[in-house]
Amino acid sequence: MKQTTLMYKLVMAVTGLFLCFFLIIHLLGNLQLLSPPAIAREQFNWYSHLLSGNILIKIISYVLYLSIIAHAVYALILTRVNIKAQGSQYVYDKRGQVSSWNSRNMGILGTIILIFLVIHFKDYWYVYKFGHLPLDAKGNKDLYSIVISSFQQGWYIILYELSFIALGFHLLHGFFSASRTLGLYQPKYAKVVRVFGWAYSLLITFGFMLIPLYIYFNFNS
Amino acid sequence: MIDAKIPEGNLADKWSNYKDSSKLINPANRKKLDIIVVGTGLAGSSCAATLAEQGYNIKSFCFQDSARRAHSVAAQGGVNAAKNYKNDGDSVYRMFYDTIKGGDFRSREANVYRLAECSLALIDQAVAQGVPFAREYGGYLNNRSFGGVQVSRTFYARGQTGQQLMIGAYQALMRQVSAGKVKTYTRHEMLDLVMVDGKARGIIARNLETGEIERHSANAVVLATGGYGKVYYLSTLAMGCNTSAIWRAHKKGALMSGVSWIQFHPTCLPQIGETQSKLTLMSESLRNDGRIWVPKKAGDDRVLNDIPEEERDYYLERRYPTFGNLSPRDISSRAAKERIDAGCGVGPMKNAVCLDFSKAIKEQGLTKIEEKYGNLFRMYDKINGVDAYKEPMLISPAAHFTMGGLWVDYNLMTTIPGLFALGEANFSDHGANRLGANSLLQSCVDGYFIAPYTIPNYLSGELKAEKVTTDHPAFAEAEKVVREQLERFLNLKGRFSADHFHKTLGKLLYDKCGLSRTKESLEQAIVEIKALKKSFDHELKITGDEQVNSELEKAGRVSDFLELGELMCYDALQREESCGAHFREEYQTADGEAVRNDEDFCYVSAWEWKGEGKQPELHKEPLVFDTVKLSVRSYK
Amino acid sequence: MKLYLKVWRQENRESKGDMVSYVVEGISEHMSFLEMLDLLNERLIQKGERVIEFDHDCREGICGACGMMINGRAHGPLSGTTTCQLHMRSFKDGETVYIEPFRAAAFPVLRDLKIDRSGFDHIIQSGGYISASTGQAPESNSIPIAHETTEAAFDAAACIGCGACVATCKNSSAALFTSAKISHLVLLPQGKLEAADRVIKMVSQMDAEGFGHCSNTEACEVECPQEISVLHIGRMNYQYNKALILKK
Ligand SMILES: Cc1cc2nc3c(=O)[nH]c(=O)nc-3n(C[C@H](O)[C@H](O)[C@H](O)COP(=O)(O)OP(=O)(O)OC[C@H]3O[C@@H](n4cnc5c(N)ncnc54)[C@H](O)[C@@H]3O)c2cc1C
Ligand code: HEM
Ligand code: FES
């Protein structure tokens, strides 16, 4: 059967939702950083170790990489289709008045997230996997120290916060949009999903935004 | 005398007898036969789709950019069928009788009976196609009563019955396009009929995008090109509605009937300025609760709400106490005109009457009225910027439906063999006045159920006929005439646009051959139209080229309207009686009611084109009433 | 009233178009937008210039022929309104008004503001119907359909096919148009039999016509003259996904 853009979109929705799910796990893990430093160090490093060891987690992490790649690749394909579908441009364009900014700019938001992800992976994932890290008391690699020290730089914080804002807007549209792509049409449940999507997006965004700020203000003082 | 070819037998059996004895064509032969269907309204789409389902090759034409946009979409009210779902005593016979009476006994019994008979199958067909007719809570179809009848037989889909039926027919047509049996030619306008050996064998059409003049040949040609009410310029019709297809067939020899029988709809929005292009119809249902009045005093300039109750003239309630505000269309429209002519009209141009809901709001409450008519009040506000909950709506009669058209026999075939006319384009089953919700029905029934029998019946005799290609000299001849006309339009260096002539003609016809006519006004009109035509031939100004050019399209249409307008006046002049929509002021009772003359005028007038500037020739088809007794149509 | 118009003029499919300025005086606020263009055209004729071409027919908001971008918005500033129903009351004296055709790769411009929307016909041809030939229909009351179901089907069937949804969509997607048809037919018992085949064909045809996909910005619902709900897009997706999963 011929591939349709709706199929591509389905891939985006499924991968997007998987990423949404992963964000919850990720946030829960990161919240450990908010504990008192001694406990936080041990827990966080233990958790990071856990994530790198378990076979189940390994499989999930490969799905995760794949999801990010597929999501981004199909985003690119769809964007190209869209540009072609538009034909000529309007000379005077006020279409923006009738839809939200973030819904129209998922690509830009996504690109910001992607750039962020590259930096993020390089600084932690790559360092954790391939770099030489000191060990903590329990013998786990001490990612905690790396995290704490990187969040001492103001520009780094700003980079993170901006990325999270982009993520927030991406989620705000993305979560509900995925439900539509998957075929939710009953008005009642569509409303529930929309409310849930808002709550989810706010929690994730503010959750992630809180951590760097907490570290910056707690450890700098 | 012309023969309507009505089958033998009892009235109720005629159509079955016809079907039982009509000639068939075997499926292998159907593939070899081409049929041109001009028009994609309810009549055209349904006919094209049904014939394609049977296996014929169809070419379907319309001037719009999509078949779905034919003006059938505009019908709001509903479609009649004698299903008797309400168990209120309806039957095929009763529907037949109502239609004959509504048409003021100027239609053929056999045709009307067939219309009522086929109405049952139409509802079934539409439902099967997915037309979302209104349903009751139990899941069964709902109906309402409509215009001048005592039973509930009108099926409806909110205020979009025409649109929904149209979508059903359009989808059936599109299905045949994908099956390869129909080829659509949208943005094409038929400009001439091609005849070979006295039979219709093709058309000349203009591609409205490229300007190309195209030849199309076929074994039969169907015209389902809708009504010509746009001849009045201001009307409830669409801007593109025209008479060109049927008029050019008329000039090739097809007779025209009932030409001046034009229904004026009483509840339309009035003209409020010189640049206005359209008189929008407001649903007739408003008359169920709205009361119609004008000030008693002529030239009363007070704000409407300031005019006290005792100085208002509820003229319909006064003149027709039984039916009151619900009197039939022709009667309501004429009564409005009578008051407006007496100087009692309201509105900026003093050309409207009030439709007042204050009493209904007081009695039933604002919410109830909002519930019933909210969308109409919103539409009124959208167009006029006036809140009709607070002040009366202004309405006035507007040209709406043409009972007249190409004369057809029981087969729906014109006097040209192989040329069929369907839907509003034929003079048909409505006599001198159409009942509300009967014309969607007629268009559908013509297309789904009648033509698919009668056209094969004709074609069965054509199997051995010589194959005609577009190289035949008749095509070249017709194309030449079309080209010459277009070139002449483009080369004229006059002063006035096509619209100018159209508007002038429209005004003239409204005044002299409109809701009421007199010998004098008609004779004057003929002289004036002739002069206008002459001026058109010299003073027209067209800009642009031969490609997409709406002015060029208009010019052709206006040219035909001018000739048609003249025939309308002849038709109205010759008929010295008042019947249905045709009201000759000379023939009325002391209190202003129509006086029909069955002695001298119980026939269909069928007019023959005799050449430019020549008086048309009248042929008569006597109307024979075997079943019903002629009576006076009274709504007092 | 006096307006400064900037109107898109283009000779034909191939040529490049441009915005051309016109000053129109003597406009009454009671005029419809199209009557205002009629007025301008009448004056262009007097000057011997080619008129501005635009599609229109019924002028009462039901045929779907009219449609243009007015000041950057499909069918102008009002919602739930076609261009032909827009009146000059909605504009201010001395205002500049930009008028462009609906744009999309699948809607090529024919001339000025006239576009080719035959893509919509092709989508319907691909499966937007119930296969019921004349003569096959059973008695209409033999299949009861719940009142709510009919009303819901009507809501979808109310689409007039004007193309404003495509014009206002950043992706030029025809999802609202197509999904409204799919919803209309699948809601009714008569239309259920062909549902799977229909949705797959129609969705594929949307792509084949060169329309973009749906990003759920929901602008279409706002601009739709019939206020057709975007939830139909959800239903189309649901039907599509179901068809994909159940496909043999
Ligand atoms: C506002 C309004 C409301 C109405 N309400 C009702 C109602 O409630 N109930 C009811 O029963 N009736 C109603 N009617 C009447 C009814 O809608 C029409 O009589 C009927 O729909 C006509 O259908 P048709 O197929 O004959 O023509 P149309 O639907 O008008 O179709 C004409 C077709 O012919 C084509 N055509 C015309 N000229 C040419 C040409 N020269 N070349 C190529 N193609 C051409 C057009 O493109 C179009 O496709 C209403 C009419 C109007 C105007
Ligand atoms: C954690 C990271 C991300 C999450 C949780 C996420 C989530 C989502 C979700 C749920 C959707 C909705 C899918 C749908 O409408 O069916 C979506 C859409 C989208 N995402 Fe992401 N996404 C992420 C990262 C990215 C990245 C890295 C990119 C780009 C390179 C991207 C680009 C897009 C685009 C362009 C869309 C809109 C597709 C459309 O036009 O409909 N996203 N995202
Ligand atoms: S002209 Fe028909 S919808 Fe505007």
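Which residues does B:Phe133 touch, not counting residues up to four places away in sequence? In this predicted model, the neighbours of B:Phe133 within chain B are B:Val79, B:Ile123, B:Ala126, B:Val127, B:Leu141, B:Phe155, B:Tyr156, B:Ala157, B:Thr161 and B:Leu165. Chain C adds C:Thr150 to the list.

B:Phe133 also belongs to the largest nonpolar core, which has 206 residues. Together with B:Met568, B:Phe133 touches the most other members of that core. Helix α16 of chain B, spanning residues 550-574, gives the most to this core, contributing 12 residues. A second core, separate from this one, holds 37 residues, among them B:Ile307, B:Tyr314, B:Tyr315 and B:Ala335.

Turning to the chains as wholes, two pairs touch, and the pair of chains B and C has the most contacts. Chains A and B, by comparison, are joined by no contact, and their closest C-alpha atoms are 19 Å apart.

Chain C itself is assigned two domains, domain 1 (3-111) and domain 2 (118-247). Their centres, taken over C-alpha atoms, are separated by 29 Å. Where the domains meet, 19 residues of domain 1 of chain C contact 19 residues of domain 2 of chain C. About 1,300 Å² is buried between the two domains, with 60% of it on carbon and sulfur atoms. On the domain 1 side, C:Gly80, C:Ala106 and C:Phe107 lose the most area to domain 2, together accounting for 33% of what that side buries. Polar links between these domains of chain C are counted as one salt bridge and one residue pair in polar contact. Within chain C, C:Arg73 and C:Glu223 form a salt bridge, with 2.7 Å between the closest N and O atoms.

Key:
Residues numbered from 1 in each chain as written. Chains lettered and ligands numbered in written order. Predicted model: local features only at pLDDT ≥ 70, side-chain atom pairs only at ≥ 80, totals over all residues. Heavy atoms only, no water. Contact = heavy atoms within 4.5 Å. Core = buried A, V, L, I, M, F, W, Y, C linked by side-chain atoms within 4.5 Å. Buried < 20%, exposed > 50% of the residue type's maximum accessible area, 1.4 Å probe, protein only. Helix = DSSP H or I, 4+ residues; strand = E, 2+ residues; numbered from the N terminus. Domains from an automatic or database assignment. Buried area = accessible area lost by both parts, 1.4 Å probe. Salt bridge = Lys/Arg side-chain N within 4 Å of Asp/Glu carboxyl O. Polar contact = N/O pair within 3.5 Å; in protein donor to acceptor, adjacent residues only side chain to side chain.
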